[in-house]
Protein chains: 2
Amino acid sequence: MADGETVDWRWIWGEAGERPRLLHSMVRVRDVDASLRFYCDGLGMSVLDRHDIEAGRFSLIFLSYAGYRDGPAAIELTYNWDQAEPYTHGSGYGHIAIGVPDVRAAYERLADYGGTPSVAPKHMVEGGPQMAFVKDPDGYSIELIQIRR
Amino acid sequence: MADGETVDWRWIWGEAGERPRLLHSMVRVRDVDASLRFYCDGLGMSVLDRHDIEAGRFSLIFLSYAGYRDGPAAIELTYNWDQAEPYTHGSGYGHIAIGVPDVRAAYERLADYGGTPSVAPKHMVEGGPQMAFVKDPDGYSIELIQIRR
């Protein structure tokens, strides 16, 4: 795909032929503005696409660091317009991990963007990257992993 | 990184400098063999790394379609050795989406690899890709999205 070429919104996942790949993780959220503040303003993601489905009374919002070029590896937020109760968290699902150049900076920054500090930055393995955990506005656990030595 | 070069296992996420990126989603599983059968034999992923942590009595297994070259976008399985009860699923977490060239083939194939068919392949949007849902051996929902027209 050339720069500036229009993307068919029905085929945002691209056409990579025979190569299967991971596309996104979906979580349900209660307050889209709070989520966008956390993931976009706080973590630097962009909204790839937003679909507001009047008939089903829900919205889908695709977030990513990448673009459409190779198919987005992204987070999908589902917002059900009539959801009154907070969503529950079972014991099975763990977290989404995001690689960042400076774990401590991201960890501290996210507290100003609706994140709740959970596990402070530390080296889980000697000589390895720093890691930390922050909860997003709906309580989903986000792991921050250092990607710069 | 050149082909065949050894990867420092502490830095499998790569060193991409300033560019943050999505790394993986973690889920807890009860039967590693069943999970590997589903994700590797059934869905074509590979084990990037497996760490058995005797001191904490847990194992971490990283699965991916990619390699280490650009940092793996992967699924992380956590296996707690002493977990007796099935994990619970809350109402919040949704699914992991995987792009595949043939949704119906993958959907049918996974039934032979410990998957439970959930939503049969269909076009969610006219003119768009086929999509389907299958549950993995622990009940996590996997969305299959067609990536070939």
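A residue counts as buried when its relative accessible area is under 20%, as exposed when that area is over 50%, and as partly exposed in between. These cut-offs apply to the discussion below of a predicted model.

The overall composition of chain A provides a starting point. Chain A contains 2 helices and 8 strands, and along the sequence these elements follow the pattern β-α-β-β-β-β-α-β-β-β. Of its 149 residues, 48% count as buried. The area that chain A exposes is about 6,900 Å², with carbon and sulfur atoms supplying 48% of it. As for contacts between residues at least 6 apart in sequence, 54% of those in chain A join residues at least 24 apart.

One residue illustrates how the burial classes are applied. Ile53(A) lies in strand β2 of chain A, which spans residues 46-53. Why does Ile53(A) count as partly exposed? Its relative accessibility is 31%, and this value falls in the partly exposed class because that class covers the range between the buried limit of 20% and the exposed limit of 50%. When residues up to four places away in sequence are not counted, Ile53(A) touches Phe58(A) and Trp81(A). Trp81(A) is 28 residues from Ile53(A) in sequence, and the C-alpha atoms of the two are 9.8 Å apart in space.

Attention now turns to strand β8 of chain A, which comprises residues 141-146. This strand is mostly covered, with 6 of its 6 residues buried. The cover extends to both faces of β8(A). On one side, Ser141(A), Glu143(A) and Ile145(A) are buried; on the other, Leu144(A) is buried together with Ile142(A) and Gln146(A).

Which strands are joined to β8(A) by bridges? Strand β5 of chain A, residues 93-100, runs parallel to β8(A) and is joined to it by 6 bridges. In this pairing, Ala97(A) of chain A has Glu143(A) as its bridge partner in β8(A). Strand β7 of chain A, residues 130-135, runs antiparallel to β8(A), with 5 bridges between the two. Here the bridge partner of Met131(A) in β8(A) is Ile145(A).

The connection between β7(A) and β8(A) completes this part of the description. These two strands form a hairpin, with 5 residues between them. Within the turn, Gly139(A) has a positive phi of about 90°. Strand β8(A) therefore combines two buried faces with a parallel pairing to β5(A) and an antiparallel pairing to β7(A).

Notes: Residues are numbered from 1 along each chain as its sequence is written. Chains are lettered from A and ligands numbered from 1 in the order in which they are written. This is a predicted model: local features need pLDDT of at least 70, side-chain atom pairs count only at pLDDT 80 or more; totals for chains, interfaces and linings use all residues. Side-chain values use heavy atoms; hydrogens and water are left out. Helices (H or I, at least four residues) and strands (E, at least two) are DSSP runs, numbered from the N terminus. Buried means under 20% relative accessible area, exposed over 50%, partly exposed in between (1.4 Å probe, protein chains only). Contact means heavy atoms within 4.5 Å. Two strands pair if DSSP finds at least two bridges between them. Accessible areas come from the Shrake-Rupley method with a 1.4 Å probe; for residues, only the protein chains shown count as cover.
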